[in-house]
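Open the model in your viewer and get ready to select residues by number. The tour goes stop by stop.

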Amino acid sequence: MGRDAIEPPSLALLAAEGRGFLDIPALLAVAAPLLATAPRGQRHPVMVLPGLGADDRSTLAIRSFLEFLGYEVHGWGRGRNIGAPDADLAAVAARVIELEQRGGSKVSLVGWSRGGIIAREVARQIPASVRMVITLGSPFAAPGASNVRAIWRLLTGRKYEPPTAERISRLAQPIPVPATSIYTRADGVVAWRACLEQQGEGRENVEVSTTHIGLGFHAPALWVIADRLAQPPGTWKAFRPPPQVAIWFPATTRRD
């Protein structure tokens, strides 16, 4: 299926997005002990970027988990993510360079939804400063295949301007650093097919079972983030769930 043929999620999926909040009590009551055994890697800066209309409060679960694992974790620090396309790129890139220079290590970027698109474009601009990019429900392959029009008007009061053909083509191109896309087929905000990386070395797609809203609190998604960040610098292997958490992941992510 070509990118032009990718349709937004159904209204039924959008209406079911609230189910994602059920991941919060599940995370606290059930998954926390297992997540405590997640892989740990070399300490380095990790910036977590929120989705459309959200701010750093929305990524508290992700950031707290990564701090627990020993990383130097930062929010994006720019309030609600409601700027015009590319409006925040220069500032985020400058912050990434600052963190790299201060700590002497490349920065990993974790972006939820629109935050993932920003993270990818920052990595495209300054690849020498970015260690890897991990996205959650980010429709970079077809940014128009979403239900954000009404959400955008509600959040900003402005008319939604669909992405140009040039922008769509640019966003879909692979980035020059390792990239992991975490997606869910039950996403009611963006089309899951729009979140898929092109096949290639250093690029992968990992499916989890939650909603778009749930991605920031979903234990399997948190495990994938931890596993990817734990890779030694300069190395990359595709994600394979270890036996103790294999039940968390759809069969399509298991490779022979």
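**Stop one: strand 4 and its partners**

Select Gly 111 and Thr 135: Thr 135, in strand 4, is the bridge partner of Gly 111. Keep in mind that this is a predicted model.

Now widen the selection to residues 107-112, which make up strand 3. Strand 3 runs parallel to strand 4, and 6 bridges join the two. How does the chain get from strand 3 to strand 4? Colour residues 114-125 and follow the path: the chain passes through helix 5, and this β-α-β crossover is right-handed.

Stay with strand 4, residues 130-136. Is this strand mostly covered or mostly open? It is mostly covered, with 7 of its 7 residues buried.

Next, add strand 5, residues 179-183. Strand 4 pairs with strand 5 as well, in the parallel sense, over 4 bridges. To see one pairing, pick Ile 134 and find its bridge partner in strand 5, Thr 180.

**Stop two: strands 1 and 2**

Select residues 45-49 for strand 1, then residues 72-75 for strand 2. These strands run parallel, joined by 4 bridges. Click Val 48: opposite stands Gly 75, in strand 2. Then trace the connection. From strand 1 the chain goes through helix 3, residues 60-68, to strand 2. This β-α-β crossover is right-handed too.

**Stop three: the loop before strand 1**

Go to Thr 37. This residue sits in the loop between helix 2 (23-35) and strand 1. Which backbone oxygen does the side chain of Thr 37 reach? That of Leu 34, at 2.6 Å. Thr 37 counts as partly exposed because its relative accessibility is 48%, between the 20% and 50% cut-offs.

Now add Ala 221. Thr 37 and Ala 221 are 184 residues apart along the chain, yet their C-alpha atoms are separated by 14 Å.

**Stop four: a surface patch**

Select Phe 21, Ile 24 and Leu 28 and show the surface. Together they form a nonpolar patch with about 300 Å² of accessible area. Zoom in on Leu 28, which lies in helix 2. Leu 28 has a relative accessible area of 66%, so it is exposed.

**Stop five: after helix 8**

Finish at Gln 231, in the segment after helix 8 (219-229). Is Gln 231 buried or exposed? Its relative accessibility is 8%, so Gln 231 counts as buried. The side chain of Gln 231 reaches the backbone oxygen of Arg 228 at 3.1 Å.

How values were computed: Residues numbered from 1 in each chain as written. Predicted model: local features only at pLDDT ≥ 70, side-chain atom pairs only at ≥ 80, totals over all residues. Heavy atoms only, no water. Buried < 20%, exposed > 50% of the residue type's maximum accessible area, 1.4 Å probe, protein only. Polar contact = N/O pair within 3.5 Å; in protein donor to acceptor, adjacent residues only side chain to side chain. Patch = residues over 30% accessible without salt bridge, like charges linked within 9 Å, V, L, I, M, F, W, Y side chains within 5 Å. Areas by Shrake-Rupley, 256 points an atom, 1.4 Å probe, with all protein chains shown as cover. Salt bridge = Lys/Arg side-chain N within 4 Å of Asp/Glu carboxyl O. Pairing = 2+ DSSP bridges. Right-handed = clockwise from strand over helix to strand, strands pointing away.
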